[in-house]
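Student: Could we go through this model together, beginning with its charged side chains?
Tutor: Certainly; please bring up the sequence and the structure.

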Amino acid sequence: MKHDPELIRHILDHVARSEGGVKAAEIPASGGHAAANVSRHIALLIEHELLEGTTHFVHGLTAKGHALQRALHDKDVREKIRHTAEHLGEDVTLEIILNIAKTFLIGL
């Protein structure tokens, strides 16, 4: 599955704005993504400990989730992710996105 950094940013932003948590099904799709794709990304973000909750109800972002949200708002990070995807000639995985974000966050 293609991991879309813009969709990930959208999900993290939506959850961060939702005080007290949000039903996963109520997180709107963005950028033409199907609801099933949003659900898969939510599950992936929970699995990678970026979101707290279940695939049905998300309580909020973890510290790691907040850090990734901050990194994905940086245009240089988004450009590096886009460039990496072009260079690799394949879909960008969440691990690649996290590694790029970590590099940004620690200033390397």
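Tutor: A term is needed beforehand: a helix here is a DSSP run of H or I with at least four residues, and helices are numbered from the N terminus. Please also keep in mind that this is a predicted model.

Student: How many salt bridges are there?
Tutor: The count comes to four salt bridges, taking a side-chain nitrogen of Lys or Arg within 4 Å of a carboxyl oxygen of Asp or Glu.

Student: Which residue does R82 pair with?
Tutor: R82 forms a salt bridge with E86, and their closest N and O atoms are 2.3 Å apart. The two residues are separated by about one helical turn, because they are four residues apart in helix α4.

Student: Are R82 and E86 buried or exposed?
Tutor: R82 counts as partly exposed, at 39% relative accessibility. E86 is exposed, with a relative accessible area of 52%.

Student: Which residues are linked in a network of salt bridges?
Tutor: That network links E6, R9 and R78. The side chains of R9 and E6 meet at 2.4 Å, N to O, and both residues lie in helix α1 (residues 5-17), three residues apart. The side chains of E6 and R78 also meet in a salt bridge, at 3.8 Å, N to O.

Student: And what does the pair of E6 and R78 tie together?
Tutor: E6 lies in helix α1 and R78 in helix α4, so the pair ties together parts that are 72 residues apart in sequence.

Student: Where do these three stand, buried or exposed?
Tutor: R9 counts as buried, because its relative accessibility is 19% and the cut-off for buried is under 20%. E6 is partly exposed at 35%, and R78 is partly exposed at 27%.

Student: Changing topic: how do α4 and α5 pack?
Tutor: Helix α4 (residues 75-88) and α5 pack at an angle of about 140°, with their axes 10 Å apart. That angle makes α4 oblique to α5. The crossing in which α4 passes α5 is right-handed.

Student: Which residues make the nonpolar surface patch?
Tutor: F104, L105 and I106 make that patch, which covers about 260 Å². L105 lies in helix α5 (residues 94-106) and counts as partly exposed at 33% relative accessibility.

Student: What about L72, buried or exposed?
Tutor: L72, in helix α3 (residues 63-72), counts as buried at 2% relative accessibility. The C-alpha atoms of L72 and L98 are separated by 9.7 Å, and the two residues are 26 residues apart along the chain.

Technical notes. Residues numbered from 1 in each chain as written. Predicted model: local features only at pLDDT ≥ 70, side-chain atom pairs only at ≥ 80, totals over all residues. Heavy atoms only, no water. Patch = residues over 30% accessible without salt bridge, like charges linked within 9 Å, V, L, I, M, F, W, Y side chains within 5 Å. Areas by Shrake-Rupley, 256 points an atom, 1.4 Å probe, with all protein chains shown as cover. Buried < 20%, exposed > 50% of the residue type's maximum accessible area, 1.4 Å probe, protein only. Axes fitted to C-alpha atoms, helices over the stretch in contact; angles between N-to-C directions. Parallel < 35°, antiparallel > 145°, perpendicular 65-115°, else oblique. Left-handed = near helix turned anticlockwise from the far one by under 90°.
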